[in-house]
Amino acid sequence: MPANYKRIPATLALIAINVIVFGFTYLEAGSFNDGHWTFSLLRLGALFNPLTLGSEWYRIFTHMFLHGGILHLAVNMYALYSVGSDIEILTGTKKFAFVYFVSGIASALNSLYWSLFTIGVGASGAIFGLFGFSLMINIFLSRRSGKSMTPVLVNFAVFVGINLLIAKSVNADNAAHLGGLAAGMLIGLYALVKGEGAAFMRTRVEYFMIPALVIIYFTLPRFQVHYYRFFQSVMAAEDSTRQRLKKRLSDDQYLKVFAENTSQWDSSLSMLNRQSGLPVELSADTFKLRRYIGLRIEENDYKKKIIERESYIYLDSIEEANKQMSQFTALDFPLSFRIADTEKPPPADTSSRELIKVYYDRDWVEIPSPPGAYYRIGYRDSLGRWNGEVRDFYANGDVQMKGTYKENKRDGVFLYYSDHHTYTS
């Protein structure tokens, strides 16, 4: 550890910036809650493939100053001070800064290539670059002194192994670590080949690496960008109808809403069908989303028929479509990234009502126990009133009625069925 802090201005500045940005992230998030924190990291410039490879290239830099938590920040800042201060004293501030940022950029690009819709933050990629560069320095010093390089290589292998194991246990981005490590070693390798101690202080190879990294950025596959845009179109279709149907509308206005929403779903389906180069990891999600969109289009068609044909018999078809939709909503990569989606909703208040099963005779008089001609499953509140969705059944389990009650009064549309599975009213 250096005694003279004036000789390590860049190391100290980087530590200070990281701490300040961490404090700002907390102010932005308002808490360390996972949902709010992750959302704030995205807003402030975390590495995220669809955005970084879209139009927000600056995330390649900004992600290096963001951290996932206090422990993440503390570990990285300790490592930065430990290795950074030594390198800055040996090579100078300019060289240190080049190694740090070139390694950080290389780590980001490697992460973008290998990761799939992951959010990346932290200075560890750049710090691994410093360790890689430090390895080359130690090899050079061992050569010059005539000492065996085995201890240097063993220590370095142990360091890398421990860090990769720790990273795996906390789901850290090893692709970023290895990308930064390789960049730092490559920079140091140039000086090692030159065989001059002064070469470690000169800035040479970095000037060639920077345009190479720019070229790599523009040649990285963009399928995640296109898939993310498709997913956002799905979310937009969901939200637009939900918002418009909150208002009181005429039949003609409802028909217009359903037609426009069908057009949105058709557009989303076309976007999905145009996707190319998707990895096998997305196969399950694309299958589910294709089926989900198809069911949404069917649902809109049934809703239009209810109005156009003035018949509620299509409510059963809508109910069935909604049941099928529930099979296709659990995705491996849900890409909505909204606070509402990152937190579990509070449990519904069911303390004042209870789901019960009641039996009736042929005259619809309630009886205490089976057998009965009919039975009902639904919610009753503490006052014994039906409140919520109810279903009446024949004794054999066939549906006799579907409807909803509010304080023991019918609320909305009721569908009645015969014991031959046909509508009666």
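What follows is a conversation between a biologist and a modeller about one predicted model.

Biologist: Before we start, what are the ground rules for this model?

Modeller: The model is predicted, so local features need pLDDT of at least 70 and side-chain atom pairs count only at pLDDT 80 or more, while totals for chains, interfaces and linings use all residues. Residues are numbered from 1 along each chain as its sequence is written, and side-chain values use heavy atoms, with hydrogens and water left out.

Biologist: Thanks! Why is S107 called buried or exposed?

Modeller: Buried means under 20% relative accessible area, exposed means over 50%, and partly exposed lies in between (1.4 Å probe, protein chains only). S107 has 1% relative accessibility, so it counts as buried. Its place is in helix α6, where helices (H or I, at least four residues) and strands (E, at least two) are DSSP runs numbered from the N terminus.

Biologist: And what is S107 in contact with, leaving aside its neighbours within four places in sequence?

Modeller: Contact means heavy atoms within 4.5 Å. With those neighbours left aside, S107 is in contact with H63, G125, A126, A175, A176, G179 and G180.

Biologist: How do you know whether D252 is buried or exposed?

Modeller: The relative accessible area of D252 is 59%, therefore D252 is exposed. This residue lies in helix α12 (residues 251-273). The C-alpha atoms of D252 and I307 are separated by 8.7 Å, and these residues are 55 apart along the chain.

Biologist: What about A199, in the loop between α9 and α10?

Modeller: A199 has 1% relative accessibility, so A199 counts as buried. Not counting residues up to four places away in sequence, A199 touches K95, A191 and K194. I356 is 157 residues from A199 along the chain, and their C-alpha atoms are separated by 81 Å.

Biologist: What makes a set of residues a nonpolar core?

Modeller: The members must be buried Ala, Val, Leu, Ile, Met, Phe, Trp, Tyr or Cys residues joined through side-chain atoms within 4.5 Å. The largest such core here has 59 residues, and L80, Y100, L109, I127 and L130 touch the most other members. Among the elements giving two or more residues to this core are α1 (9-29), α5 (70-91), α6 (93-114) and α7 (124-145). The largest share, 11 residues, comes from α7.

Biologist: Which residues does L130 contact, leaving aside neighbours within four places in sequence?

Modeller: L130 is in contact with L80, V83, G84, I87, F96, V99 and Y100. Apart from this core lies another, of 27 residues, with M235, A237, L295 and L335 among them.

Biologist: How are two packed helices described?

Modeller: By the angle between their axes and the distance between the axes. Axes are lines fitted to C-alpha atoms, for helices over the stretch in contact, and angles run from 0 to 180 degrees between N-to-C directions. The axes of α9 and α10 come within 10 Å and cross at roughly 145°.

Biologist: Which residues meet where α9 and α10 touch?

Modeller: On the α9 side A183, L186, I187 and Y190 meet V205, E206 and M209 in α10. The residues of this contact divide into 6 nonpolar, no polar and 1 charged. Here Ala, Val, Leu, Ile, Met, Phe, Trp, Tyr, Cys and Pro count as nonpolar, Asp, Glu, Lys and Arg as charged, and the others, Gly among them, as polar.

Biologist: On to the strands. What makes β6 and β7 a pair?

Modeller: Two strands pair if DSSP finds at least two bridges between them. Strands β6 (residues 386-394) and β7 (residues 399-406) have 6 bridges and run antiparallel, so they pair. D392 stands opposite M401 in β7, and F393 stands opposite V399 in β7. The two strands form a hairpin with 4 residues between them, and G397 in the turn has a positive phi of about 100°.

Biologist: Which strand pairs with β6 besides β7?

Modeller: Strand β5 (residues 374-381) pairs with β6 in the antiparallel sense over 6 bridges, with Y375 standing opposite F393. That hairpin has 4 residues between its strands, and G384 in the turn has a positive phi of about 85°.

Biologist: Why is β6 described as largely enclosed?

Modeller: Because 8 of its 9 residues are buried, β6 is largely enclosed by the rest of the structure.
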